[in-house]
Amino acid sequence: MTRDQLLDWIDRYERAWRTPGTDALRALFAEEATYRTAPFEIPFRGLAAISQFWEAGRDGPDEEFTMGSEIVAVEGDTGVARVEVRYGATDSRYRDIWIVRLDQSGRCVHFEEWPFWPPGQKGGWDEGPPQAS
């Protein structure tokens, strides 16, 4: 992975978030990808689970927000980025650290985020899927 490839992947992620449905995820995530919403959460596994989580977790493609990113590091097939999201309707914001591992085709095989909120602003992360018994 290069810094430019990671920036491109982040751009495509944002565009997919702003696009109705989840079809755009096929170009972002490998079929068996994992998506961890916080460091200790169980990851969503597979494109179907990620798509279901994605659709349930957003207000819709018209959600008002801005997103900026800065590449922190890239080594081998793994990149780390600092991402800041600001929501227009509520003026809330948070920063995320994203750890992204891409396969040879440029699709993500492992995504992990570490979300943080400013002092005095409530925030939380999405829980991972329920544990199998």
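**Figure 1. The protein chain follows the pattern α-α-β-β-α-β-β-β-β along its sequence.** The model shown is predicted. Its secondary structure comes to 3 helices and 6 strands. The C-alpha atoms fill a box of roughly 40 × 40 × 30 Å along the principal axes. A compact globule of 133 residues would have a radius of gyration near 14 Å; the chain has 14 Å, so the two agree. Of the 133 residues, 38% count as buried. Take the contacts between residues at least 6 apart in sequence: 50% of them join residues at least 24 apart.

**Figure 2. The 6 strands form an open sheet.** Their order is 2-1-6-5-4-3, and the pairing is mixed. Strand 2 (44-45) and strand 3 (65-75) stand at the edges. Each has a single partner strand, so one side of each is left without a neighbour in the sheet.

**Figure 3. Strand 1 pairs with strand 2 and with strand 6.** Strand 1 covers residues 29-36. With strand 2 it runs antiparallel, joined by 2 bridges. Here Y35 stands opposite F44 of strand 2. Helix 3 (residues 47-57) packs on the sheet and touches strand 1 and strand 2. The direction of helix 3 makes about 55° with that of strand 1. With strand 6, strand 1 pairs in the parallel sense over 4 bridges. F29 stands opposite C108 in strand 6.

**Figure 4. Strand 5 and strand 6 form a hairpin.** The two strands pair in the antiparallel sense over 8 bridges. L102 has C108 of strand 6 as its bridge partner. Between the strands lie 5 residues. In this hairpin, G106 takes a positive phi near 90°.

**Figure 5. Helix 1 lies across strand 1, strand 3, strand 4, strand 5 and strand 6.** The helix covers residues 3-17. It runs at about 155° to strand 3. Strand 4 spans 78-87, strand 5 spans 92-102 and strand 6 spans 108-116. How far apart are the end C-alpha atoms of helix 1? They are 21 Å apart. At 1.5 Å a residue, its 15 residues should span 21 Å, so the helix agrees with expectation.

**Figure 6. Helix 1 has buried residues on the same side.** Which residues of helix 1 are buried? They are L6, W9, I10, Y13, E14, A16 and W17. These residues cover an arc of only 160° around the axis, which puts them on the same side of helix 1. An α-helix has 3.6 residues a turn, so residues three or four places apart point the same way.

Definitions and conventions. Residues are numbered from 1 along each chain as its sequence is written. This is a predicted model: local features need pLDDT of at least 70, side-chain atom pairs count only at pLDDT 80 or more; totals for chains, interfaces and linings use all residues. Side-chain values use heavy atoms; hydrogens and water are left out. Two strands pair if DSSP finds at least two bridges between them. Contact means heavy atoms within 4.5 Å. Axes are lines fitted to C-alpha atoms, for helices over the stretch in contact, and angles run from 0 to 180 degrees between N-to-C directions. The expected span of a helix is 1.5 Å times one less than its number of residues. Buried means under 20% relative accessible area, exposed over 50%, partly exposed in between (1.4 Å probe, protein chains only). The arc is that of the directions from the helix axis to the C-beta atoms. The radius of gyration is taken over C-alpha atoms; the globule rule is 2.2 Å times the number of residues to the power 0.38.
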